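Could you help me get to know this structure through a few exercises? Please set short tasks and work through each solution step by step.

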Amino acid sequence: MLNNLKYVFKKYNFLLRQLVSRDFKVKYKRSVLGVLWSLLYPVLTMAVMAIVFTNVFKFSTPGVNYLVYLMSGLIIFNYFSEASNLAMSSVVANFSLINKVYMPKYIFPLSKCIFVGINFLLTLIPLYAIILLTGTGLNVYHLLLPYGYLCLFMFTLGFGLILSTVAVFLRDMFYIYGVVLTLWTYMTPIMYDIAIIDHPLLQSLLKCNPLYWFVYFSRRIILYGVVPELNAWIYCMVFGLGFLLLGVLIFKKNQDKFIYYV
Amino acid sequence: MEQNQYMVEVENVSMRFNLGIEKGFSLKQWFVDVGKGKKHEKKEFWALTDLTFKVKKGEVIGFIGSNGAGKSTLLKVVAGVMKPTKGEVKTYGTVCPMIELGAGFDYQLTARENIYLNGAIMGYSKELIDRKFQEIVDFSELQEFLDVPVQNFSSGMIARLAFSVATIVDPEILIVDEILSVGDMAFQAKSENKMLSMIGGGTTVLFVSHSIEQIRKMCDKVVWIEHGHVQRIGGKEICDEYIEFMNGKQG
């Protein structure tokens, strides 16, 4: 079993690399600014949001810098929305290949989550630039951040596997998920603090959102310079590992049927 | 290795398709169907029923039969693209399907990048492609266009590149759905020769063709499939029976 897994991993590792590097080449080939866009894009989005929410809606986060607050949440949500979206369409988009040559089908959602993941790592550069420029400063607990990001990756991959399975059987999913994502943006405390919601039921409802915990985990470290509470550690892992297992299970159970829907 | 070792074993393989499946099912379609009171009936279709045969190492086995007899489905099952509804397929060794040319290309990438991408899709290792890179380029005769995006290629150039990548390995089991010959006249001759030499080169080959002449020339063993059943298995004499059968159908 383990040997078999090792063999499959070794055999398809090269394909995985090729798929990821293909996405990179295609994405940056034609744009003059190239990779710089990956750095610039979240900064510009952040700037727009900051202007709208501080001036129009008068949002504020007492005690911490609002720009860092925004940015730390934004990069997490952006990762999730882009990776899950690409993962969803990845299987359908590669039907012509699946129909002709055998390869493990999970490789398509996985390669998308990795590709966006590398982009995510690039967006850490503007995040840290803003952390330093705003005087928020660094602390030793930043070393704990990879835990939260790893859980985010697992959650996104699991979710992407589920989405890509559903999308094979139900093409409406592409439209439905677009709406869901819009709703999800507002349900995740990216631009506001969850404390401003004074309805206790609604507040606990918002905490059922897995993304809340990944955002919360990283903000405790970046903004407040403390070790996240134990429940944050647990929720991150439960959502991350739980969705990954669920996604793998659902995908595995259905993948042999994909071919009939080509 | 033993001489009489089996490379492919197909045992009681049946393949069922559900024709009721709506490809690209959408909610709109569902509402329309419900509104009209149309029920999704299950229309089943057995593309293959109870197929059994074995292929020995080094054997070239040809499949004949009318259109829609199930030949291509069978090859897909052997290649592992589809799982049989019933029965079992065992393959011993690397299986290389000659896929439709260029299916794995990304048209925004250059020829060089596509050689690696398409190679990876076919299951080759990086070392293998590195080693064979020059050979691929030489065969395709596209040396000067290596760093040009494939979208700027003519269809003939794309076919030449795809053919060169696809035929570079010496797989243990080769699956061929129609002999490919692509490009201009000169390249067509070259590519057909390459295919023939691959088939004749001691590998185990599963070969589908509508050209009875090619089957007769190449194959040691012939399987005649009709309506998903094995009609006859045997030597080249099957070809004559098949031709007679087809003539009978016409007359």
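Below are five exercises on this predicted model, each with a worked solution.

**Exercise 1. An open sheet in chain B**

Work out the strand order of the open sheet of three strands in chain B, and find which strands stand at the edges.

*Solution.*
- Step 1: Begin with the order, which is S2-S1-S4 in chain B, with antiparallel pairing.
- Step 2: Now look for strands with a single partner. Strands S2 (44–56) and S4 (86–91) of chain B each have just one partner strand, so they stand at the edges and one side of each has no neighbour in the sheet.
- Step 3: Going from one strand to the next, the twist averages 20°.
- Step 4: Zoom in on one pair. Strand S1 (residues 6–18) of chain B runs antiparallel to S2(B), and nine bridges join them. As one example, B:Arg16 has B:Trp46 of S2(B) as its bridge partner.

**Exercise 2. The surroundings of strand S7**

Decide whether strand S7 (residues 204–208) of chain B is enclosed or open to the outside, and describe its pairing with S3(B) and S6(B).

*Solution.*
- Step 1: Check burial, using the cut-off of under 20% relative accessible area. Five of the five residues of S7(B) are buried, so the strand is largely enclosed by the rest of the structure.
- Step 2: Recall a general pattern: side chains in a regular strand alternate between the two faces of the sheet.
- Step 3: Compare the strand itself. B:Thr204, B:Leu206 and B:Val208 point one way, B:Val205 and B:Phe207 point the other way, and all are buried.
- Step 4: Turn to the pairing. Strand S3 (residues 60–64) of chain B pairs with S7(B) in the parallel sense over four bridges, and B:Gly62 has B:Phe207 as its bridge partner.
- Step 5: Strand S6 (residues 173–177) of chain B also runs parallel to S7(B), joined by five bridges. Here B:Ile173 stands opposite B:Thr204.

**Exercise 3. A hairpin**

Describe the pairing of strands S8 and S9 of chain B, and find the residue with a positive phi in their hairpin.

*Solution.*
- Step 1: S8 (residues 221–226) and S9 (residues 229–234) of chain B pair in the antiparallel sense over five bridges.
- Step 2: Within this pair, B:Trp224 stands opposite B:Arg232.
- Step 3: The hairpin has two residues between the strands, and B:His227 takes a positive phi near 50°.

**Exercise 4. Two glutamates**

Classify A:Glu229 and B:Glu113 as buried, partly exposed or exposed, then list their contacts beyond four places in sequence.

*Solution.*
- Step 1: A:Glu229 sits in the loop between helices H9 (210–222) and H10 (230–254) of chain A. Its relative accessibility is 31%, so it counts as partly exposed.
- Step 2: Its contacts are A:Tyr216 and A:Arg220.
- Step 3: B:Glu113 belongs to helix H3 (residues 111–121) of chain B. At 17% relative accessibility, B:Glu113 is classed as buried.
- Step 4: The contacts of B:Glu113 are A:Gln18, A:Lys25 and A:Lys29.

**Exercise 5. The second largest pocket**

Describe the volume and lining of the second largest pocket.

*Solution.*
- Step 1: The volume is about 510 Å³.
- Step 2: There are 21 lining residues, and A:Tyr41, A:Asn78, A:Tyr79, A:Ser81 and A:Glu82 lie nearest the centre.
- Step 3: Helices H1 (2–29), H2 (36–56), H3 (66–93) and H5 (107–133) of chain A each give two or more residues. H3(A) gives the most, with seven.
- Step 4: By type, the lining divides into 12 nonpolar, seven polar and two charged residues.

Conventions:
Residues are numbered from 1 along each chain as its sequence is written. Chains are lettered from A and ligands numbered from 1 in the order in which they are written. This is a predicted model: local features need pLDDT of at least 70, side-chain atom pairs count only at pLDDT 80 or more; totals for chains, interfaces and linings use all residues. Side-chain values use heavy atoms; hydrogens and water are left out. Two strands pair if DSSP finds at least two bridges between them. Axes are lines fitted to C-alpha atoms, for helices over the stretch in contact, and angles run from 0 to 180 degrees between N-to-C directions. Buried means under 20% relative accessible area, exposed over 50%, partly exposed in between (1.4 Å probe, protein chains only). Contact means heavy atoms within 4.5 Å. On a 1 Å grid over the protein atoms alone, a cavity is a set of points where a 1.4 Å probe fits but cannot get out, and a pocket is an open set with protein on both sides within 12 Å along at least five of seven lines; lining residues have an atom within 4 Å of a point. Grid points are joined across faces, edges and corners, and a volume is the space filled by probe spheres set on the points. Ala, Val, Leu, Ile, Met, Phe, Trp, Tyr, Cys and Pro count as nonpolar, Asp, Glu, Lys and Arg as charged, and the others, Gly among them, as polar.
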